[in-house]
Each structure stands twice: as structure tokens, then as C-alpha cells.
Amino acid sequence: MAISISAPIIEEEEIQAVTRVLRSGMLAAGRKTQELERLFADFCETKYAVAVSSGTAALHASVHALGISHGDEVITSPFSFAASANAILMEGANVVFADIREDDFCIDPQKIEAKITNKTKAILPVDLFGQLVDTECIRNIARGHTLRTIEDACQSVGAERNGIKAGSVGDVGCFSFYATKNVISGEGGMITTNDADIAERCRRFRHHGQSEHTRYEYWELGYNYRTTDICAAIALEQLKKIERFTTARIENAKHLTEGLRDIPGIILPTIHQNSTHVFHQYTIRVTEECKRTRDELVNHLRAHNIGVGIYYPKPLHLHPHFARQGYEKGDFPVAEKLATEVLSLPVHPSLTDQDIEVVLNTTREYAQ
Ligand SMILES: *Cc1c(COP(=O)(O)O)cnc(C)c1O
């Protein structure tokens, strides 16, 4: 049997919840969506949560809600999914990359300061693979330079660092409920904030620029970024089970780490102090000291029906779309090196102990 890199857990509760919505005849965003927003805000320890149609929509709405526009600069990581940087371009602002840290793959706070100019409006850190960026550092930089912070928490629902929950690091947090994420509804997203004004602007933006209170009164440009009660019903049931999902991911990660330590040239994930890593991905580095190359190991595992991922094979600044903004090879050496080393192993909660044994044995036999 193949072991996949991700597998959604859909149980009877999700099926029943969707069925109830379908039978109710009220499919668009309504009661279920509001219920999800309330529960999600409580979970992230923020005052407000605004449900949208995707993580990308959450990022786009957040950039807009902070008033970022043409000529402004936003600093983000070159080592992420394209949506993190594209959300900045969607409002006409400029993407400024800063290199990442070797140990956690996240933007390096020490590299942010050098990128700040008088056009910088915000920082957009990404909590990559399920661990939060250094919350204290990011908050200090934002405070010191009067910058806004948009946290891309699409991979880190439930993570925590220094007592701060994912989604509450900065002015606004963005989540995705895409089918492979830790909490899913197929497609879907969420914005978290403590700022009533930001929440209201996001609500307008997802609904053609209309205020919730005055229909057919268009205040500004908006989109259709709404979700549905069908999706909200799924996400609600998922959120009720998140402790179980997260615990299983953390347990699986622990087994992988125990089984893979001491393989020369393989570097295992770093978990920072005072940090709960929720292991959206379990990402190892296959360095030059390893007996096999990263690509050899990928091919070997795939040949043995083990789903592995490379997140990400190329940093954003080397893709034609972003290179056109004036970037070239050599600009972000850490991101460029890590792109050649990373390999994500299955860590999702549906894995059995036997699956993990297979992953461990197949990796060890070949790479040690
Ligand atoms: C998944 C993801 C997104 C985009 O979310 P969608 O729901 O697919 O639009 C953005 N940023 C990161 C880091 C992601 O992992």
C-alpha cells in the first residue's frame, strides 16, 4: 500500500454536518460561517475572525485592509508558496525578499532590518511547515520601525511560540483550509485580528466592497471572496478535533526524529524553545555529507510507494515571475541552498505506526 504525503481525515461528523447544511437549503455563508468565525477567533485568542474562500483571499484581503498599495514595499520570505508574495503584488505594492534561517526555514529577522526603506509598509512572515517565526523579534522590528505585520499562518494553525498563538503574532493572521492543510474544508481561509477596523475592511473586501450593515452600498473595490456554509460546516467539525490531529502529527514527528537521528548528512527539523511545532510538514535536509543526494533519496522513496514532497524546489525569486522584479541567482544564498536540500516525509495524522516504520526503514537502509 502506498503511503501518501498528505491525507484528509473526513469522519462521520463532517459528513453529517454537510448533510445538515444541504438539507437546510441555506448553502451560502450564514449561520455555520458565523459559528466557525467565533470558534476560530477564540481558538487563536483574537477578537475577530473573518472567513474567506481561501488562504490566498485571506492574504489579499489583509494586504488591502492595511492600506498597502502602489509604491509601498512589503518584506517577505523567498522560501514559501507563491501566494504569500503574490498577495502583495495584487494590491500593486512591491515584494522585497529577505533571506531565511537555516534552522527553521523562516524569514531571518536579522536580515529584515537591512531591507527596510522609507517605502516599507509591512512585513509578511510565513510560519513555514507549522512553526512560528520568532514572535519577539518580529514584534520588536515592527514596533521599532512602525511597520504593520501580516502573518501567513496558512501552515501553522494551532502552533504557539512564547505563549503567542498562530494568527495573533501581528496585526493580522491568515489561514488556509485547503485539502492538504492541518484543518481543511476543501478550499477555504480565515483572517484573524484584534482590530475592529481591519476586520470590517476584510468583511467588505470579501463582499464586493459592501458593508455587512448596508447592502447595495459599495464603499470600495471588493471581490467575491466569501465562503459557503458547506465549507464552514466541515471546518467547524475539523476545528473541534484539532487537538487530536495536532497531537498525532507531533507524535509522528517524534518517531521520525528518533528513527532518523545519527544518519550522517541528514539534518532533522529544529524545534525552538517555548515553541509548539504543529508539523504541517516534517522537513529534513539532505546535505552534501549524506551518502545519497536529495534527489536520489526522493526517487528511492517514491519507488517504494512513499509519498514525499519537496517544499520548495526553487525559491520564489528565481522564478521568471519574481525574477522580473529584478532578482537573480545569488541574492538569497540560504534559500537557494536549502531548496536543493529539503525533503518532506509523511507526518500526517492518518499514518499508522507501521507506515512510519516503513518510512524509517526505507530511508535508513538507503541513506545510512
Ligand atoms: C496553502 C498556502 C497558502 C495559500 O492558501 P490557499 O488556501 O491554497 O489559497 C498561502 N501561504 C502558504 C504558506 C500556504 O501554505
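**Helix packing and local backbone features**

Excluding residues up to four places away in sequence, Thr33 touches Ala51, Thr227, Thr228, Asp229 and Ala232. These contacts, like every value below, come from a predicted model. Thr33 belongs to helix 2, which spans residues 31–44. With a relative accessibility of 4%, Thr33 falls under the 20% limit and therefore counts as buried. One of its neighbours, Asp229, is also a polar partner: the side chains of Thr33 and Asp229 are joined by a polar contact of 2.6 Å.

Asp229 also takes part in the packing of helix 8 (229–240) against helix 1. The axes of helix 1 (residues 12–24) and helix 8 cross at roughly 150° and come within 9 Å. This angle lies over the 145 degree limit, and the two helices are therefore roughly antiparallel to each other. The crossing of helix 1 past helix 8 is right-handed. On the side of helix 1, the contact is made by Glu13, Glu14, Ala17, Val18, Arg20, Val21 and Leu22, which meet Asp229, Ile230, Ala233, Ile234, Glu237 and Gln238 of helix 8. Classified by residue type, this contact of helix 1 with helix 8 contains 7 nonpolar, 1 polar and 5 charged residues.

A second helix pair is formed by helix 3 and helix 4. Helix 3 covers residues 55–65 and is mostly covered, with 10 of its 11 residues buried. The buried positions are Gly55, Ala57, Ala58, Leu59, His60, Ala61, Ser62, Val63, His64 and Ala65. At the start of helix 3, the backbone nitrogen of Thr56 is approached by a side-chain oxygen of Ser54 to within 3.3 Å. Just after the helix, Gly67 adopts a positive phi of about 75°.

Helix 3 packs on helix 4 (residues 82–90) at an angle of about 40°, and the two axes are 8 Å apart. Helix 3 and helix 4 are therefore oblique to each other. The crossing of helix 3 past helix 4 is right-handed. From helix 3, Thr56, Leu59, His60 and Val63 meet Ala83, Ser84, Ala87, Ile88 and Met90 of helix 4. The contact of helix 3 with helix 4 comprises 6 nonpolar and 3 polar residues, with no charged residues. An α-helix has 3.6 residues a turn, so residues three or four places apart point the same way.

Ile68 lies in the loop between helix 3 and strand 2 (73–76). At a relative accessible area of 2%, which is under the 20% limit, Ile68 is buried. When neighbours within four places in sequence are left aside, the contacts of Ile68 are Val63, Val74, Glu91, Ala93, Lys121, Ala122 and Ile150. Val63 is among the helix 3 residues that meet helix 4. Ile68 and His300 are separated by 232 residues in sequence, and their C-alpha atoms are 46 Å apart in space.

Attention then turns to the loops. Gln155 is located between strand 5 (148–152) and strand 6 (160–161) and, at 11% relative accessibility, counts as buried. Its side chain reaches the backbone nitrogen of Phe129 at 2.7 Å. Not counting residues up to four places away in sequence, Gln155 touches Asp127, Leu128, Phe129, Gly130, Val278, His280 and Tyr312. Among these contacts, Tyr312 lies in the loop between helix 10 (294–303) and helix 11 (320–323). The peptide bond from Tyr311 to Tyr312 is cis, with omega near 10°.

Two residues other than glycine take positive phi values. For Phe279, phi is near 45°. Phe279 is placed in the loop between strand 11 (275–276) and strand 12 (282–286), and this residue is buried, with a relative accessible area of 3%. For His208, phi is near 60°. His208 lies in the loop between helix 7 (196–205) and helix 8. Its relative accessibility of 35% places His208 in the partly exposed class.

Note on methods: Residues numbered from 1 in each chain as written. Predicted model: local features only at pLDDT ≥ 70, side-chain atom pairs only at ≥ 80, totals over all residues. Heavy atoms only, no water. Buried < 20%, exposed > 50% of the residue type's maximum accessible area, 1.4 Å probe, protein only. Helix = DSSP H or I, 4+ residues; strand = E, 2+ residues; numbered from the N terminus. Polar contact = N/O pair within 3.5 Å; in protein donor to acceptor, adjacent residues only side chain to side chain. Axes fitted to C-alpha atoms, helices over the stretch in contact; angles between N-to-C directions. Parallel < 35°, antiparallel > 145°, perpendicular 65-115°, else oblique. Left-handed = near helix turned anticlockwise from the far one by under 90°. Contact = heavy atoms within 4.5 Å. Nonpolar A, V, L, I, M, F, W, Y, C, P; charged D, E, K, R; others polar.
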